[in-house]
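Biologist: I'm new to this one and would like to learn how to read it. Could you walk me through it, feature by feature?

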Amino acid sequence: MSQPQQKIATRDAYGDALVALGKKRDDVVVLDADLSGSTKTSKFAKAYPDRFFNIGIAEQDMMGTAAGLAIGGKLPFASTFAVFATGRAWEQIRQSVCYPNLNVKVVASHAGVTVGEDGGSHQSLEDVAVMRVIPNMTVIVPADGPETQQAIEAVAEYKGPCYVRVGRNKVPTICPENYRFKIGKAHVFHEGKDVCIIATGLMVAEALKARDLLKAEGIDAGVINMSTIKPLDNDAVIAAAKRCGAIVTAEEHSIIGGLGGAVAEALSESAPAPLVRIGTRDQFGTSGDPDGLLKHYKLSAEDIREGAKEAVKKKKR
Amino acid sequence: MNEETLKTLRDRARRIRIDILKMLHGSGSGHTGGSLSATDIMTALYFYKLKHDPKNPDWKGRDCFILSKGHAAPVLYTTLAHAGYFATDELCTLRKIGSRLQGHPDSKYLPGVEISTGSLGQGLSVACGVALAHKLDKAPNRVYAVLGDGELQEGQIWEAAMTAAHYKLDNLCILVDNNGLQIDGPVAKVMGVEPIADKWRAFGWDVQDIDGHDMAQLVAALDKAETVKARPTAIVCRTVKGKGSKCFEGKVEFHGTTPSKDELETALKELDEAVCK
């Protein structure tokens, strides 16, 4: 397992990436809906006030305005909390961004249960599912700070709608120094032999811990960072299924429609294999401290370990 | 504005109405009433005010037009064809499989359509975004949008109304096609939106209230909008749904239905006679 050298919240990495991008490209504009201090677009607002537009508490209008800025030749990044960006403004993203296939980047923070104390109203556990289903949309969930920075650079180069999900709390840096993020390409940390854990976002760090726990029990678990949920790296999923014969998915999101759903679709069509999905189970979030909530919703390394053992058992049946 | 130019514009609107009706009769599906109520507005925009180049739809210097009430696609398509974006022959493909003339405007296929619309209430936000981009570029391009009165029931319209005023988008001008009817009946009965002009005024816009079928008033209102500083303009156009023939005028059932053969013949006769006046 890689030793965590540093910890940074992916939202902070996003804010820094925006400032760097703003310096490089003067067509970059940023919109927020009164949460710039939390989404960290405030860093861009401070550096480039003329290119920052606070739209107020009006997410639907923000997405439409972003679409208009794209028509006007700009590269808009629109940010707010994941639950509002993808829920409140879903149809605006569908109609005004994805249907006309405009170059708008929606980067949403405060995803998952690690929002913590604010509770279920603010913890988005459905955003990946509802973004993934819209044609033309690319969906990315970075695992750590450096990968977030690279993902933001990548979506800026890519032409078309993108959704990038970032989190509130500090997460360990796990991606190797020479790692290069590419849209649609999974990163294989460990190939594994007995079972492969396909994880996304902050669950990749938990998956790496689970691998160590499993090793102690004589199970060789692979770990894949699936940071692009759409387009899914089908080749990586199929190869893992063929190599290990059993798959575990791990995400800080509902098991319905997110990474678990996407991997289940890929497996059942192309390489049927036992699958155990770690994620929230058709339920809303609740208030609490972030680490406590990860345990409460069975999203810890220990839960992934148990899932992996279950998947191995299924394989032997 | 000389009378000869106005006469030319009025005649253009008359011919656009004829083609709209032929097109809708041919397709057997589409929105008649709200296309005819907005025909004079669209004519004034495309044949008098907009800076655009039909042979080069992506021309950087162009003004941007957004049909927020996307169901009035027939008037947009016919106006674009008359302006030279594509041949009028193509109008008969409306709503057919493979046609660029989708039931509601689709910018992926048809040059001259700046953004796909159809889900109401979204066009004004997009218009604000384009206007902001031009402001950033310090470019003189202007942005126009046509909204329906029923569409004003969408909350997003008022979010965008705030944005336009907050960012002082004086390069933005909207025209509200105030025809008083929506699918389920009179707007006043379904969900009242009046006083429309006062609402825009209260949101910080410069407002003009005009007869949306009077070409002289339309032209004058569009000219005046260009002189307004630091505020966006709303031109509230009093219109008649189905304007152009007694067959359709003020009839709510023609929101989403098309003329029969008899209705088409009667309407074309009326529109042909109108030329002599």
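Modeller: We'll go through the chains, then a single residue, then the empty spaces.

Modeller: First, some ground rules: this is a predicted model, where local features need pLDDT of at least 70, side-chain atom pairs count only at pLDDT 80 or more, and totals for chains, interfaces and linings use all residues. Residues are numbered from 1 along each chain as its sequence is written, chains are lettered from A and ligands numbered from 1 in the order in which they are written, and side-chain values use heavy atoms, with hydrogens and water left out.

Biologist: How many helices and strands are there in chain A?

Modeller: Helices (H or I, at least four residues) and strands (E, at least two) are DSSP runs, numbered from the N terminus. Chain A has 13 helices and 14 strands. Its radius of gyration is 19 Å, close to the 20 Å that the globule rule gives for 317 residues, so chain A is as compact as a globular protein of that length. That radius is taken over C-alpha atoms, and the rule is 2.2 Å times the number of residues to the power 0.38.

Biologist: And what does chain B have in the way of helices and strands?

Modeller: Chain B has ten helices and seven strands. For its 277 residues a compact globule would have a radius of gyration near 19 Å, and the 17 Å of chain B agrees with that. Its C-alpha trace spans about 50 × 45 × 40 Å along the principal axes.

Biologist: What share of chain A counts as buried?

Modeller: Buried means under 20% relative accessible area, exposed over 50%, and partly exposed in between (1.4 Å probe, protein chains only). In chain A, 63% of the 317 residues count as buried; in chain B, 59% of the 277 residues do.

Biologist: Let's try one residue: is Thr200(A) buried or exposed?

Modeller: Thr200(A) counts as buried, at 6% relative accessibility. You'll find Thr200(A) in the loop between β10 (195-199) and α9 (203-216) of chain A. Contact means heavy atoms within 4.5 Å. Leaving out residues up to four places away in sequence, Thr200(A) touches several residues, among them Val141(A), Met226(A) and Leu259(A).

Biologist: Now the empty spaces. What is the volume of the largest pocket?

Modeller: On a 1 Å grid over the protein atoms alone, a cavity is a set of points where a 1.4 Å probe fits but cannot get out; a pocket is an open set with protein on both sides within 12 Å along at least five of seven lines; and lining residues have an atom within 4 Å of a point. Grid points are joined across faces, edges and corners, and a volume is the space filled by probe spheres set on the points. The largest pocket holds about 910 Å³. It is lined by 39 residues, with Ala70(A), Ile71(A), Asp58(B), Arg62(B) and Glu114(B) closest to its centre. Two or more lining residues come from each of α4 (59-71) of chain A and β1 and α5 (123-136) of chain B.

Biologist: How many cavities of 30 Å³ or more are there?

Modeller: There are two cavities of 30 Å³ or more. The largest has a volume of about 160 Å³, and 17 residues line it, with Thr10(A), Gly167(A), Gly201(A), Leu202(A) and Glu252(A) nearest its centre. The second largest cavity has about 40 Å³ of space. Strand β1 (residues 64-67) of chain B gives the largest share of the lining of the second largest cavity, three residues.
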